[in-house]
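Before we go through this structure, it may help to look at it residue by residue, and then to turn to the ligand. Let us take the questions as they come up.

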Amino acid sequence: MPRKLAAGNWKMNGCSPDLTEARRLREACPDPSVGVLICPPATLLSRLSDLLQDSPIATGGQDCHANGNGAHTGDIAAGMLADAGAAFVILGHSERRTDHAESNDTVRAKAEAAIAARLTTIICVGETKAEREAGDTLKVIAAQLAGSLPDGVTAENTVIAYEPVWAIGTGLVPTIDEIDETHEFIRTHLDARFESDTGEEISLLYGGSVKGSNAAEIFAVEHVNGALVGGASLKCDDFLPIIRALEAS
Ligand code: PGA
């Protein structure tokens, strides 16, 4: 997996006609020099994976259950995502933490299941506006990292996404200094916890209102290795400039 990653999170958006956007991206970007990923809604995962087979664009799920199978109506096991062609899964997104009351323990259990199913996890952390205003950003992120990351983390099976909750879908973006401070803090935390070069090599994404117009300056931050992109990943014309900016960084 290339360390630089442009990851699209379609969230609860997309039906069959929207596969055209992925087809266009595949044609416009046949040979990216960075990792490119689309995480569609579960209903499109299998078809999108088929469509992108033999292309460098990977697919992923947006969540998984901690168990391998069983009586969990509406849930999807990590192995099922892999069976549908996924190579990645987003875990602990703030919308899951809020809408489904996911705790750090829940996220860690899911991450263990995903790693066992040979998926690369993208584990999300980030503070709310109130937490930032209270000066608690780094404390919150330290607790989320400590609680959400299993011990088996390696640079191959895990990516971390820093997504300030107040920047998601709002058009608001932290200052470059704030992104720099948080990413450096995350890198230091990972270095301290994991052996050898894991902390140094693990890919760190920024997420929250990333667009073609702000991507280059965000990617210039030292410990930013890519982006987790929501709204701007839905259309090829919006996602492509972000991929190009990452290639140029
Ligand atoms: P956004 O979402 O790019 O629409 O702000 C990012 C995310 O939630 O991953």
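Reader: Is Arg 118 buried or exposed?
Author: The relative accessibility of Arg 118 is 77%. Exposed means over 50% relative accessible area, buried under 20% and partly exposed in between, taken with a 1.4 Å probe and protein chains only, so Arg 118 counts as exposed.

Reader: How should the residue numbers and the side-chain values be read?
Author: This is a predicted model, in which local features need pLDDT of at least 70 and side-chain atom pairs pLDDT 80 or more, while totals for chains, interfaces and linings use all residues. Residues are numbered from 1 along each chain as its sequence is written, and side-chain values use heavy atoms, with hydrogens and water left out.

Reader: Where is Arg 118 found, and what is its phi?
Author: Arg 118 is found in the loop between helix H5 (104-116) and strand S5 (120-125), where helices (H or I, at least four residues) and strands (E, at least two) are DSSP runs numbered from the N terminus. Although Arg 118 is not a glycine, its phi is positive, at about 65°.

Reader: Which loop holds Val 34, and how far in space is Val 34 from Arg 118?
Author: Val 34 belongs to the loop between helix H1 (19-28) and strand S2 (35-39), and its relative accessibility of 4% makes it buried. In sequence Val 34 and Arg 118 are 84 residues apart, and in space, C-alpha to C-alpha, their separation is 21 Å.

Reader: What is the phi of Ser 209?
Author: Ser 209 lies in the loop between strand S7 (203-207) and helix H10 (212-219). With a relative accessible area of 13%, Ser 209 is buried. As a residue other than glycine, Ser 209 nevertheless has a positive phi, near 60°.

Reader: Which residues come nearest to the ligand?
Author: The ligand has 13 residues around it, each with a heavy atom within 4 Å of it. Those that come nearest are Lys 11, His 93, Glu 163, Gly 169 and Ser 209.

Reader: How much of the accessible area of the ligand does the protein cover?
Author: An N or O atom in the side chain of His 93 is 2.6 Å from an oxygen atom of the ligand, which is a polar contact (a pair of N or O atoms within 3.5 Å). A polar backbone atom of Ser 209 is 2.8 Å from a ligand oxygen atom, and a backbone N or O atom of Gly 230 also lies 2.8 Å from a ligand oxygen atom. On its own the ligand has 280 Å² of accessible area (Shrake-Rupley method, 1.4 Å probe), and the share covered by the protein is 95%.

Key: Polar contact = N/O pair within 3.5 Å; in protein donor to acceptor, adjacent residues only side chain to side chain.
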